[in-house]
Amino acid sequence: MNTLTIDIGGTKLAAALINENDEILQRREMSTPSSTSPADLEYALSQLVKPYKGLAGRVAVASTGIIDKGILTALNPDNLGGLNAFPLQATIEALTGLPCRVLNDAQAAAWAEYSRLSASVQNMAFITVSTGVGGGIVLNGELLTGPHAFAGHLGHCQADPQGPICGCGRIGCVEVIASGRGIASAAVQDLEGKNAREIFQAAQSGHAQAQKLVTRSAQAICQLIGNLKALLDIDCIVLGGSVGLAQNYREQVEQLLSQLPPAYHVSILPAHFQHDAGLMGAAMWQAK
Ligand code: ADP
Ligand code: BMX
Ligand code: ZN
């Protein structure tokens with residue numbers, strides 16, 4: 001049976017048809033609506049899934065936000081239109097007429113990436129550096145979701161008690177410093193108004209402020225990884241998201257981590273499924 005899989009991110013919506021061998025048969029992408037209206041998200045999702053009518057027997061969704069018992073609530077309302085208690089599972093089931101399972105995007109990606117690691121790895125964390133900073137933790141071979149589906153929201157660990165206020169309401173979260181939005185919002189002068197992709201391009205061509213913004217992000221991720229190592233003694237980290245997968249970013253995090261004492265060192269791998277880790281993970285979780 002084919003699975004229709006959907007990834008709802010703060011910047012883009014993706015959908016794919018996946019067969020029983022976990023191969024992607026068709027894939028498409030759209031921008032996430034910038035409006036705060038649940039009706040606009042529902043309309044965008046209806047457009048996204050339209051071409052797949054009649055081609056799948058079930059749906060699997062990976063979405064940004066806290067996904068508890070099928071209901072989506074944005075922890076950081078800046079990232080997804082302030083959605084509160086959006087009935088994601090019921091909405092997708094009504095749009096497609098198919099049974100659906102939903103999971104947080106980074107938890108889903110962690111599950112997919114864990115499946116590609118050597119069997120000797122039983123403890124790992126996935127970090128997405130994207131519109132926000134998300135995370136998923138696998139401990140003793142089990143995906144940690146937590147009693148309220150909040151487990152693994154690593155982007156909301158504190159990076160700097162003197163830092164800016166995060167959209168979640170807390171001061172100095174990793175997300176407000178390291179994410180694509182965090183990078184863009186700290187840009188000044190000629191970089192003001194540029195997005196993270198443009199700032200990375202500027203950094204590649206030697207722009208000093210752009211390089212500082214990228215390093216500040218990599219430094220916050222490096223410290224987060226050190227904290228995860230101390231907290232959970234994980235075997236490895238997998239890095240994903242468009243910022244996490246950007247040229248030289250992982251290498252920069254590795255270089256910063258190598259400057260910490262050896263007890264904090266842990267290998268950092270790029271996401272095997274690259275930008276499709278959430279899509280793949282949702283489907284694998286659905287089939288579990
Ligand atoms: P989503 O958050 O919807 O899952 P992405 O993983 O693509 O989407 O993350 C979006 C963020 O990544 C945006 O802030 C965007 O500016 C940034 N971005 C996109 N492409 C690149 C790139 N090539 N290099 C650095 N940042 C990028
Ligand atoms: C935010 C939070 C997480 C999500 C992470 C990455 C919201 C809407 N989302 O920390 O649930 O996993 O962003 O999301 O509060 P992405 O859109 O950057 O992939
Ligand atoms: Zn936060």
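In this predicted model, the side chain of His-156 puts an N or O atom 2.8 Å from an oxygen atom of ligand 2. Taken alone, ligand 2 would expose 450 Å², and the protein buries 96% of that. Backbone atoms join in too, as the table shows.

| Residue | Part of the residue | Distance to an oxygen atom of ligand 2 |
|---|---|---|
| His-156 | N or O atom, side chain | 2.8 Å |
| Leu-75 | polar atom, backbone | 2.8 Å |
| Gly-132 | N or O atom, backbone | 2.8 Å |

Now for the wider shell. Ligand 2 has 19 residues around it, and the closest are Asn-76, Asp-105, Ser-130, His-153 and Glu-175. Sorted by class, that shell holds 13 polar residues, four nonpolar ones and two charged ones. Both domains chip in: domain 1 (3-105 + 276-287) and domain 2 (117-271) each supply at least three residues to the shell. As for the space that ligand 2 takes up, that's the largest pocket.

What about enclosed empty space? Rolling a probe the size of a water molecule over the atoms shows where such space is left. Here the count is one cavity of 30 Å³ or more, and the volume of the largest cavity is about 60 Å³. Its lining is made up of Thr-32, Pro-33, Ser-35, Ser-37, Asp-40, Leu-41, Leu-80, Gly-81 and Leu-83. By class, the lining of the largest cavity splits into four nonpolar, four polar and one charged residues.

How values were computed:
Residues numbered from 1 in each chain as written. Chains lettered and ligands numbered in written order. Predicted model: local features only at pLDDT ≥ 70, side-chain atom pairs only at ≥ 80, totals over all residues. Heavy atoms only, no water. Near = heavy atom within 4 Å. Polar contact = N/O pair within 3.5 Å; in protein donor to acceptor, adjacent residues only side chain to side chain. Areas by Shrake-Rupley, 256 points an atom, 1.4 Å probe, with all protein chains shown as cover. 1 Å grid on protein atoms, 1.4 Å probe; cavity = no way out; pocket = protein on both sides within 12 Å on 5 of 7 lines; lining within 4 Å. Sits in = over half its atoms within 2 Å of the grid points. Nonpolar A, V, L, I, M, F, W, Y, C, P; charged D, E, K, R; others polar. Domains from an automatic or database assignment. Points joined across faces, edges and corners; volume = space filled by probe spheres on them.
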